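Please follow the account below with the sequence and the structure at hand. It considers strand pairing and then the cysteines.

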Amino acid sequence: MTDIEPRHKVEVVPVKLDKHPNADTLSIVKVWDFTCCVRTQDFLNIDRAAYVPPDSLVPTDRPYFKFLSDKAKMIYGGKARIKVSKLRGVVSMGLLVAPLSESNWQIGEDLALELGVEHYEPPTDINTSGETEAPPPEKAYIPKYDVENWRRYAQYFQENEIVAVTEKIHGASGRWCFSQNRFWAGSKSEWKKESEANAWWKALRAHPEIMDFLKNNPNLTIYGEVYGWVQELR
């Protein structure tokens with residue numbers, strides 16, 4: 001097995017302007033199976049751009065994102081959040097950023113770090129809070145995990161192909177491990193100290209079959225979704 005790295009990327013993509021049906025000053029650019037509306041004047045003679053997907057946080061103190069300064073909010077760490085919007089009747093999914101004159105961007109290059117773009121993580125509900133602790137020891141297998149939008153890979157689906165679709169239950173992402181002769185429980189990004197009230201520990205105790213599996217497979221981390229009394233669900 002190999003680790004799976006989070007893939008909230010800002011990739012350099014080709015730009016081909018298509019006419020917007022309801023606005024003379026706007027054009028549409030297709031990015032995989034996403035649609036982005038751009039101001040035509042900004043992309044004349046531009047053949048590539050950085051695609052910032054929805055639910056990204058962008059720093060408005062950088063030249064690429066200064067025009068979003070009025071969207072920056074403290075709840076986003078002083079950054080602006082990129083959302084899906086509708087411009088003159090066309091859904092625009094994300095943001096395209098044209099390169100500066102001195103840029104030498106290559107198609108497929110990931111610019112998330114260079115542009116300071118981060119993935120937006122919604123605030124955690126109070127009943128999924130709790131004291132954090134250090135991660136399990138290094139010998140524990142804890143791959144990084146993330147979910148990607150299917151539109152990024154729509155080109156791999158063929159007409160009439162049979163596919164299986166599963167639904168992610170809305171709740172709180174969790175992970176569990178048995179290492180150093182004890183259990184570990186936590187969220188997608190934090191390990192939580194054991195607590196009677198903590199949602200991830202409650203979920204683990206509610207499923208002795210999972211505890212048995214982890215004991216029989218020490219240092220292996222399993223991932224799942226805690227649902228019920230988490231987030232706004234009741």
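In this predicted model, strand 13 and strand 16, the latter spanning residues 222-226, are paired in the antiparallel sense through five bridges. Within this pairing, Trp176 has Ile222 of strand 16 as its bridge partner. Strand 13 itself comprises residues 172-179. Strand 13 is also joined to strand 14 (residues 182-187), again in an antiparallel arrangement, by six bridges. Here Trp176 stands opposite Ala185 of strand 14. Trp176 thus has a counterpart in strand 16, namely Ile222, and another in strand 14, namely Ala185.

The connection between strand 13 and strand 14 is a hairpin with two residues between the strands. In this hairpin, Gln180 adopts a positive phi near 55°.

How much of strand 13 is buried? Seven of its eight residues are buried, and the strand is accordingly described as mostly covered. In a regular strand, side chains alternate between the two faces of the sheet.

The cysteines form a separate topic. A disulfide is a covalent bond between the sulfur atoms of two cysteines. A search of the whole structure finds zero disulfides. Why does Cys37 not form a bond with the closest cysteine sulfur? That sulfur belongs to Cys36 and lies 7.7 Å from the sulfur of Cys37, which is too far for a bond, because a disulfide requires a pair of cysteine sulfur atoms within 2.5 Å. Cys37 counts as buried because its relative accessibility is 12%, and the cut-off for a buried residue is under 20%. Cys177 likewise counts as buried, at 0% relative accessibility.

Conventions. Residues numbered from 1 in each chain as written. Predicted model: local features only at pLDDT ≥ 70, side-chain atom pairs only at ≥ 80, totals over all residues. Heavy atoms only, no water. Buried < 20%, exposed > 50% of the residue type's maximum accessible area, 1.4 Å probe, protein only. Helix = DSSP H or I, 4+ residues; strand = E, 2+ residues; numbered from the N terminus. Pairing = 2+ DSSP bridges.
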